[in-house]
Amino acid sequence: MHPYSMLSDDYFVNLNLCTEMTLPSSRDTVLNFFERVQKSFPSMRNFYNRGENGFILEEDKEEVGQQRWMSLETQRICSGYVNPGDPDDCLAQNQLMLELVPYMLSVSPLDCEALDYIVGFDFSYRGNHDALVAEALGANQAVDSLLQIPGSRALNYEPSITLSLDDSCRCQARLLIETRTNAYQVRRDDFPDEQISVFFTLRQYGSLSADTRLEDTMFDLKAKSDQLMKDYVIDQVLRPLAQAISTK
């Protein structure tokens, strides 16, 4: 199994292409696009109209929780895979999406508002998510002192940081931890079995040059993500969260 599969209860890899202009939404265009995707991935046979949220084509969810999906919104095209055996299993699907959009949806490199490569991890935990994150990851001295106020309990602690990876600030990395505990649950000391989510996103902002292929940009983002995950995220964020949960 790939190491990502052993770090959390579920993990997923998403690719989002955001456009400056509105995407085509005619019946023939939408159906032809998804029929071409289905031709390469026949198990993606469930097609839905989600109203204002666009259209989605997805697989049945397997017992192990694996599922491919792809969606088309007003100004965004997304491709995702939940619990792949290996992150590389997503490459063919994501590459297909980026190869099709110039010809079937009239998206050019100039029309790119942003391209996101996202790796996400979900940790199931019945308890105060914010308190657990604060305990597992710590904080700076000022925040730690607030957490020591007598009688206080953490209600919202969702660390987020965005970093520029180049001088132009067009390539960025963002780490976000999302908790799902609310004040009502803390007051009653009654917590459902919800998920703490960690998102690590590599984003390329802005239009691309005419000779730059979208899929090449995606490969570059993935390579950066893989290295940063290995060097800074797995041992510093994901393992401490998993270990803190295992002790509860």
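Is F121 buried or exposed in this structure? In this predicted model, F121 is buried, because its relative accessible area is 0%, which falls under the 20% limit for that class. The report begins with the overall form and then returns to this residue.

**The whole chain**

The protein contains six helices and nine strands, and its C-alpha trace extends over about 60 × 45 × 35 Å along the principal axes. For 248 residues, a compact globule would be expected to have a radius of gyration near 18 Å, and the value of 20 Å found for the protein agrees with that expectation. Of the 248 residues, 46% count as buried, while the surface that the protein exposes amounts to about 13,000 Å², with carbon and sulfur atoms supplying 48% of it. When contacts between residues at least 6 apart in sequence are considered, 67% of them join residues at least 24 apart. As for charge, the protein carries 22 positive and 38 negative side chains, and the centres of these two sets lie 3 Å apart.

**Aromatic rings and the surroundings of F121**

Seven aromatic pairs are found when the whole structure is searched. In one of them, the rings of Y4 and F121 have centres 5.5 Å apart and planes at 80°, and the pair is edge-to-face because an angle over 60 degrees places it in that class. Y4 belongs to the segment before β1 (10–19), whereas F121 belongs to strand β6 (residues 112–126), so that the pair links distant parts of the chain, 117 residues apart. Y4 also counts as buried, with a relative accessibility of 5%. Elsewhere, F33, F34, F47 and F55 form one aromatic cluster.

F121 has a further partner in L238, a residue of helix α6. Although L238 and F121 are 117 residues apart in sequence, their C-alpha atoms are 8.3 Å apart in space. If neighbours within four places in sequence are left aside, L238 is in contact with L7, F121, F123, V198, M229 and V233. L238 is buried, with a relative accessible area of 0%.

**Residues in loops**

L208 lies in the loop between β9 (193–205) and α6 (214–246), yet L208 is buried, since its relative accessible area of 12% is under the 20% limit. Not counting residues up to four places away in sequence, L208 touches P109, L110, C112, L214 and T217. The C-alpha atoms of L208 and S108 are separated by 8.6 Å, even though these residues are 100 residues apart along the chain.

Two other loop residues deserve attention for their backbone angles. S106 is not a glycine but has a positive phi of about 60°, and S106 lies in the loop between α2 (91–104) and β6. D189, likewise a residue other than glycine, has a positive phi near 55°, and its place is in the loop between α5 (183–188) and β9. S106 is exposed, with a relative accessible area of 59%, and D189 is exposed as well, with 54%.

The table gathers the accessibility of the residues discussed.

| Residue | Relative accessible area | Class |
|---|---|---|
| Y4 | 5% | buried |
| F121 | 0% | buried |
| L208 | 12% | buried |
| L238 | 0% | buried |
| S106 | 59% | exposed |
| D189 | 54% | exposed |

Note on methods: Residues numbered from 1 in each chain as written. Predicted model: local features only at pLDDT ≥ 70, side-chain atom pairs only at ≥ 80, totals over all residues. Heavy atoms only, no water. Helix = DSSP H or I, 4+ residues; strand = E, 2+ residues; numbered from the N terminus. Rg over C-alpha atoms; globule rule 2.2 N^0.38 Å. Buried < 20%, exposed > 50% of the residue type's maximum accessible area, 1.4 Å probe, protein only. Contact = heavy atoms within 4.5 Å. Areas by Shrake-Rupley, 256 points an atom, 1.4 Å probe, with all protein chains shown as cover. Lys, Arg positive; Asp, Glu negative; His and termini not counted. Charge placed at Lys NZ, Arg CZ, Asp CG, Glu CD. Phe/Tyr/Trp six-rings, centres within 6.5 Å; stacked < 30°, edge-to-face > 60°.
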